[in-house]
Amino acid sequence: MTSSVPPFVVFFAAALLAAMLPGRSRIIVLVLAPLVSGFQLIEVPEGLRVTVPVMGYELTPYRVDRLSLLFGYVFNLAAFLGIVFSLHVRDRWQHVAGLFYAGSAVGAVLAGDLVTFFVFWEIAAISSAVLIWARRTPASLAAGLRYLVIQFSSGLLLLAGMLIRFHETGSLSFDYIGLAGVSGWLLFLAFGIKCAFPLLHNWMTDAYPEATPTGAVFLSAFTTKAAVYALARGFPGTDLLIYIGALMTCFPIFYAVIENDLRRVLSYSIINQLGFMVCGVGIGTALAINGAVSHAFSHVIYKGLLFMAMGAVLHMTGKIKGTELGGLYKTMPITTGLCIVGACSISAFPLFSGFVSKSMVMAAALQEGYKGIWLALLLASAGVFHHAGIKIPFFAFFASDSGIRIREPPWNMLLAMAVAAVLCVFIGVYPWLLYSLLPFPVAYSPYTGTHVIAQLQLLFFAALAFAWLKLSGLYPPEIRAVNIDAEWVYRRLAPRALRRAMGAALALHLRLQMGFLRRLGTVIGTLFLYYGPQGILARTWATGSMVLWVVILLGIYLIAYYY
Amino acid sequence: MAQERQHIFDKPKNVRRLLWTFYLACALLLAADFIYHRHVIHDWESLWGFYALFGFSACVSLVLIAKQLRRILMRPENYYDE
């Protein structure tokens with residue numbers, strides 16, 4: 001029976017095949033991998049646990065329950081979309097890395113123990129870095145390295161937490177962890193880095209915009225959502241997550257408004273959307289967890305769609321900055337339309353996917369009495385519409401005409417975007433299928449008159465604010481610039497401080513050296529004075545005076561001996 | 001070279017139409033608060049036009065604050081390259 005083949009095996013085997021096969025046959029393998037793996041997941045019985053004894057320890061490399069299954073489905077979907085979107089790419093290693101990355105992400109969410117999870121966590125880190133380096137620019141090389149260092153530090157924390165936890169509890173299984181003890185905090189931090197907690201988030205806004213146009217689509221789906229899964233598995237109901245999540249929804253929207261690189265705007269909005277999920281996990285009620293998980297599901301698809309739309313623009317024009325784009329709707333109407341579907345979904349317009357998932361988290365926040373948090377989430381909802389819903393399509397496809405006249409992207413890019421767009425609308429129109437897959441039974445109904453009207457009011461008046469600010473000239477213009485963020489610490493402050501410290505050390509070294517040499521010169525001079533050719537001790541002495549001195553010495557000796 | 005085709009938003013008339021349709025939709029949505037009683041969980045929600053006013057003021061303050069943040073955060077594009 002084939003249904004016992006874990007999906008990651010399918011992906012890894014396909015990756016090895018893709019590494020060897022030439023053009024056409026490679027494409028077949030690429031497209032088949034997520035389909036075969038997805039089919040395995042549909043067939044697999046819920047509650048399956050495959051345990052393998054390894055060196056006396058019992059590992060669970062394959063565990064299927066409702067939580068892991070849902071993430072498994074959406075990762076397969078994301079892999080399929082990403083692969084179709086990148087079929088035109090002639091770079092074999094991007095395909096191989098993409099398959100390894102997708103396989104390890106699926107493997108991670110289906111891992112039943114921390115060791116297996118750790119292994120996939122690290123494979124995902126390495127294979128995703130390849131998708132950044134594959135752009136082959138100095139900037140992407142440097143950003144990829146910074147990215148990998150931070151990913152590995154997350155892996156190290158995970159490893160340390162896992163070992164301490166094993167020492168404390170004697171168990172390696174990956175279930176509820178909680179913030180008790182050192183190991184809990186280490187694991188929390190490890191997941192937090194990958195989930196882009198505030199101040200730990202910059203690896204994403206730094207590296208994702210430097211990835212290849214197709215690579216960014218893969219990146220946007222897997223790493224952070226695997227982290228959300230890990231938090232939902234290990235830390236549901238952890239109060240701290242509510243506040244971290246609320247902060248995550250709010251601070252990136254300010255950055256997104258003033259950011260020029262449109263893929264960096266999208267990276268900031270990933271953090272904003274992750275905030276809703278983290279908050280939901282923190283609240284921890286059935287409704288909140290359902291909201292967090294279903295929002296992760298719809299997020300993977302609409303965020304993928306937005307990254308695909310921007311990837312298509314970058315692929316066709318070679319440009320991605322707001323200052324350089326505009327007016328593309330004239331020659332890319334299909335891409336424009338599909339991008340707007342993604343924009344509507346992330347903004348949670350009724351009939352689009354964000355509407356049916358995000359609202360569960362907000363409803364849970366209100367029900368549990370977190371009024372301040374709810375207001376923050378509401379602000380973030382208006383904010384995400386502002387930067388991802390309006391700014392992205394507006395500055396890329398409308399705004400002032402950049403004069404760029406470029407064709408629609410290749411068919412495979414259009415197809416992938418179209419499938420994603422259909423899924424966004426399908427989830428929005430018919431949420432019950434998604435709801436039936438959630439970890440807890442759903443008693444929530446998104447399409448009430450109150451919810452629809454309230455959401456439409458919020459969004460339309462947020463758009464009205466944009467229109468007013470834009471027409472009155474108050475809206476800040478796009479400027480070619482970078483905005484400093486927490487990465488400033490390690491890209492500017494630390495190198496500067498290090499350089500200054502090195503400079504100071506060098507100066508001290510030189511001063512010491514000079515001082516030593518000067519002192520040495522004096523010593524040599526003194527020695528020269530006494531022992532040199534003209535020195536007092538180097539003079540030739542008369543034999544008579546030598547004899548006199550010897551007699552005096554002997555006399556003194558005699559007297560001393562006598563007493 | 002042939003004169004480039006006029007596109008939909010090249011005509012100011014079309015842009016004006018779109019904007020007025022949009023303003024009308026906003027007005028209708030706000031008016032809905034007179035007629036429709038929203039089922040609320042939170043007190044603030046029951047305030048007239050709460051969501052509309054919140055959405056508008058949230059976005060205006062978001063943009064204006066972000067604009068001021070540029071003074072602190074903005075650096076030349078090659079800031080990290082030196």
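Q: In this predicted model, what makes two residues count as being in contact?
A: Their C-beta atoms, placed from the backbone, must lie within 7 Å. Applied to the two chains, that cut-off picks out 36 residues from chain B and 40 residues from chain A.

Q: Which elements of chain B supply the side that touches chain A?
A: Those giving two or more residues are α1 (12–35), α2 (50–73) and β1 (74–75) of chain B. Of these, α2(B) gives the most, with 16 residues.

Q: What makes the side of chain B that touches chain A nonpolar, polar or charged, residue by residue?
A: The division is 27 nonpolar, four polar and five charged. Gly counts as polar here, so any glycine on that side would fall among the four.

Q: How do you know that β3 of chain A and β1(B) pair?
A: Pairing needs at least two bridges. Strand β3 (residues 482–483) of chain A and β1(B) have two bridges, in the antiparallel sense, and therefore qualify. One of the residues involved is V482(A), whose bridge partner in β1(B) is R75(B).

Q: Why is chain A not described as a compact globule?
A: The globule rule is 2.2 Å times the number of residues to the power 0.38. For 563 residues this comes to near 24 Å, but chain A has 33 Å, so chain A does not match the rule. Along its principal axes, the C-alpha trace of chain A spans about 125 × 65 × 60 Å.

Q: Which residues have the most contacts inside the largest nonpolar core?
A: They are L305(A), L306(A) and A462(A), in a core of 204 residues. Helix α13 (residues 286–317) of chain A brings the largest share, 20 residues.

Conventions: Residues numbered from 1 in each chain as written. Chains lettered and ligands numbered in written order. Predicted model: local features only at pLDDT ≥ 70, side-chain atom pairs only at ≥ 80, totals over all residues. Helix = DSSP H or I, 4+ residues; strand = E, 2+ residues; numbered from the N terminus. Core = buried A, V, L, I, M, F, W, Y, C linked by C-beta atoms within 7 Å. Buried ≥ 20, exposed ≤ 12 C-beta atoms within 10 Å, placed from the backbone.
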